[in-house]
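Here is a short briefing to read alongside the model. Have the viewer open, and follow along at your own pace.

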Amino acid sequence: MAKEYFNFLNKYLATFKGSDDESATIGDAKEEAVAAIIEFVKSPNLFQCDLLNMPAVSQLEKDEKYQLVYELLKIFLTKKLDSYLEFQSANSDLLKDYGLVHDECVTKMRLMSLLDLSSRCSGEIPYSAITVELRINDDEVEQWIVKAIASKILDCKVDQLNQTVIVSRHTERIFGMEHWHALRTKLGAWRGNIARAINTIQANKVTEEGAQGMQGLAIH
């Protein structure tokens, strides 16, 4: 139900495009924007969203009442555990007022920090980097890798000998226009590779059939 509620809020907030025509009505969506942020932060299963750049949500950044809620969303989508701990230290009452549990937030931010590392480490993450970013002990690294895999936000192999995690896929916390463009470029490259492979197969087939025809004529 929580996920369905979040999806509903997400679709509603996405209807606001930030045009001048909406200037009189977009302010009415502030409470829904706050509700969506809290649902995202609270959920143990949501690790990606597009809320940050939605006009109905970004208006909170300059709102005296809700700017800290927007800052919290920014931390979960663009920053690391250290930033959350600093925010929590200064705004613990705010988190409690919105029903957010600190330990649960730390768990989620550790997984978010792992995603941040995955995006920065070119496919290989040293154990030492994970211990620093997640503030954990060496013997806890693989436990958190298992958590990430179970949450379906990471596909990877663990190289225990070299103390590294080899990442083959990770979830992007924000899937914005630059990611859509990158995906389009990849799909275009794959399509081109497939087309070239088909052309090569067809060319080889024609050559083969021609060779077989020549052999047949030689036998006659």
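The points below go from the overall fold to the core, and then to the charged pairs.

This is a predicted model, so please read every value here as computed from predicted coordinates. The protein has 220 residues, 35% of which count as buried. Its secondary structure consists of 10 helices and three strands.

**Overall fold**

- Following the chain from its start, the order of elements is α-α-α-α-α-α-α-β-α-α-β-β-α.
- If we take the contacts between residues at least 6 apart in sequence, 58% of them join residues at least 24 apart.
- The accessible surface amounts to about 13,700 Å², and carbon and sulfur atoms account for 52% of that area.

**The nonpolar core**

- The largest nonpolar core contains 58 residues, and those with the most contacts inside it are L13, F40, L51, V57, L73, Y84 and I130.
- Helix α7, spanning residues 102-120, is the top contributor to this core, giving eight residues.
- Where does this core sit relative to domain 1 and domain 2? It lies between them, because domain 1 (1-78) and domain 2 (114-170) both give residues to it.
- L13 is a good residue to click on: beyond its neighbours within four places in sequence, L13 touches A29, E32, A33, A36, L51, M54, A56 and V57.
- Two of those partners, L51 and V57, also appear among the core residues with the most contacts.

**Cysteines and a loop glycine**

- Searching the whole structure for disulfides turns up zero.
- C49 has a relative accessibility of 5%, so this cysteine counts as buried.
- C105 is likewise classed as buried, with 3% relative accessibility.
- G99 sits in the loop that runs between α6 (92-97) and α7.
- Is G99 buried or partly exposed? With a relative accessible area of 43%, G99 is partly exposed.
- G99 and I38 are separated by 61 residues in sequence, while their C-alpha atoms are 8.6 Å apart in space.

**Salt bridges**

- The whole structure holds nine salt bridges.
- One of them pairs R135 with D82, at 2.9 Å from N to O.
- This pair connects distant parts of the chain, 53 residues apart: R135 is in the loop between α8 (127-134) and α9 (141-150), and D82 is in helix α5 (residues 81-90).
- D82 is partly exposed, its relative accessible area being 40%.

**D116 and its partners**

- Which residues are linked with D116 in a network of salt bridges? K80, R120, E133 and R173 are the other members of that network.
- Within helix α7, D116 and R120 are four residues apart, about one turn of the helix.
- Their closest N and O atoms are 2.8 Å apart, forming a salt bridge.
- The two ends of this pair differ in exposure: D116 is buried at 13% relative accessible area, whereas R120 is partly exposed at 44%.
- D116 also meets R173 in a salt bridge, with an N to O distance of 3.4 Å.
- That second pair links distant parts of the chain: D116 is in helix α7, and R173 is 57 residues away in the loop between β3 (164-170) and α10 (177-219).
- Both D116 and R173 are buried.

Note on methods
Residues numbered from 1 in each chain as written. Predicted model: local features only at pLDDT ≥ 70, side-chain atom pairs only at ≥ 80, totals over all residues. Heavy atoms only, no water. Helix = DSSP H or I, 4+ residues; strand = E, 2+ residues; numbered from the N terminus. Buried < 20%, exposed > 50% of the residue type's maximum accessible area, 1.4 Å probe, protein only. Contact = heavy atoms within 4.5 Å. Areas by Shrake-Rupley, 256 points an atom, 1.4 Å probe, with all protein chains shown as cover. Core = buried A, V, L, I, M, F, W, Y, C linked by side-chain atoms within 4.5 Å. Domains from an automatic or database assignment. Disulfide = S-S within 2.5 Å. Salt bridge = Lys/Arg side-chain N within 4 Å of Asp/Glu carboxyl O.
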